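Q: Please take a close look at the charged side chains in this model and at how they pair. I would like one connected account of where the partners sit and how far each is covered.

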Amino acid sequence: MKEGVSAETQLGREGVTVTLKDLKEKMANFSEERDWDQFHSPRNLLLALVGEVGELSEIFQWKGEVPRGLPDWQEQEKLHLGEELSDVLLYLIRLSDVCGIDLEKAALRKLELNAKKYPVHLCKGSSQKYYQIHNSKDDVPQNGV
């Protein structure tokens, strides 16, 4: 860490890697310093997370389809979006911590399960759900693979 730069400032700088573990620790410290652990039950955190997802949804409400990269959005709109996305992420991390779930391991496991559930040869370029893919007549690999 650069001398004279706080952890809070340093974590926000470009080129600095922030892990889920870093965020989990910062959230735990933030909550402990304010004596908020008493309020952070799984249920309360989940409801707060849902509320933040609602606020995130409001940003996109009535906009129709939005192109990747948000080229027509003003910088202030993107900043607001980043704040709401961060709220969702931070509550999710806090909820996983309070529930004793290693979110990094759980996410990697879920990616592995999804890779099996949605094999490339059956779903490439398709938006069908797994039960539609696996129940179709085309449940045979292409090119005999």
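A: Four salt bridges are found in the structure, which is a predicted model. One of them pairs Arg-94 with Asp-37, with 2.5 Å between the closest N and O atoms. Because Arg-94 belongs to helix H4 while Asp-37 lies in the loop between helix H2 (20–33) and helix H3 (42–60), this pair ties together parts that are 57 residues apart in sequence. The two partners can be set side by side in terms of cover: Arg-94 has a relative accessible area of 6% and is therefore buried, the cut-off being under 20%, whereas Asp-37, at 41%, counts as partly exposed.

Arg-94 also takes part in a salt bridge with Asp-97, in which the N to O distance is 3.6 Å. Here both residues belong to helix H4 and stand three residues apart, about one turn of the helix. Asp-97 has a relative accessibility of 25% and so counts as partly exposed. Through shared partners, the salt bridges join Asp-37, Arg-94 and Asp-97 into one network.

The surroundings of Arg-94 can be described further. Helix H4, in which Arg-94 is placed, spans residues 75–98. Leaving aside residues up to four places away in sequence, Arg-94 touches Met-27, Ala-28, Ser-31, Asp-37, His-40 and Leu-45, so its salt-bridge partner Asp-37 appears among these contacts, which are defined by heavy atoms within 4.5 Å.

Another salt bridge links Glu-77 and Lys-63, whose closest N and O atoms are 3.3 Å apart. Glu-77 is a residue of helix H4 and Lys-63 is in the loop between H3 and H4, so that this pair ties together parts that are 14 residues apart in sequence. Both ends of the pair have some access to the surface: Glu-77 is partly exposed, with a relative accessible area of 30%, and Lys-63 is partly exposed as well, with a value of 34%.

Which charged residue of this model is buried yet has no salt bridge? That residue is Glu-84, for which the nearest side chain of opposite charge, Lys-63, is 14 Å away. Because a salt bridge requires a side-chain nitrogen of Lys or Arg within 4 Å of a carboxyl oxygen of Asp or Glu, a separation of 14 Å leaves Glu-84 without such a partner in Lys-63. Glu-84 is likewise found in helix H4, and, when residues up to four places away in sequence are not counted, Glu-84 touches Glu-52, Glu-55, Leu-56 and Ile-59.

The loop between H3 and H4, which holds Lys-63, also holds Trp-62. The phi angle of Trp-62 is near 70°, a positive value in a residue other than glycine, and Trp-62 is exposed, with a relative accessible area of 79%. Leu-70 is found in the loop between H3 and H4 too, and its phi is near 50°, again positive in a residue other than glycine; at 14% relative accessibility, however, Leu-70 counts as buried.

Finally, there is a nonpolar feature to set beside the charged pairs. Phe-30, Trp-36 and Phe-39 make a nonpolar surface patch of about 300 Å². Of these residues, Phe-30 has its place in helix H2 and, at 36% relative accessibility, counts as partly exposed.

Technical notes: Residues are numbered from 1 along each chain as its sequence is written. This is a predicted model: local features need pLDDT of at least 70, side-chain atom pairs count only at pLDDT 80 or more; totals for chains, interfaces and linings use all residues. Side-chain values use heavy atoms; hydrogens and water are left out. Helices (H or I, at least four residues) and strands (E, at least two) are DSSP runs, numbered from the N terminus. Buried means under 20% relative accessible area, exposed over 50%, partly exposed in between (1.4 Å probe, protein chains only). Lys and Arg count as positive and Asp and Glu as negative; His and the chain ends are not counted. Patches are made of residues with over 30% relative accessible area and no salt bridge: like charges are joined within 9 Å, nonpolar side chains (Val, Leu, Ile, Met, Phe, Trp, Tyr) within 5 Å. Accessible areas come from the Shrake-Rupley method with a 1.4 Å probe; for residues, only the protein chains shown count as cover.
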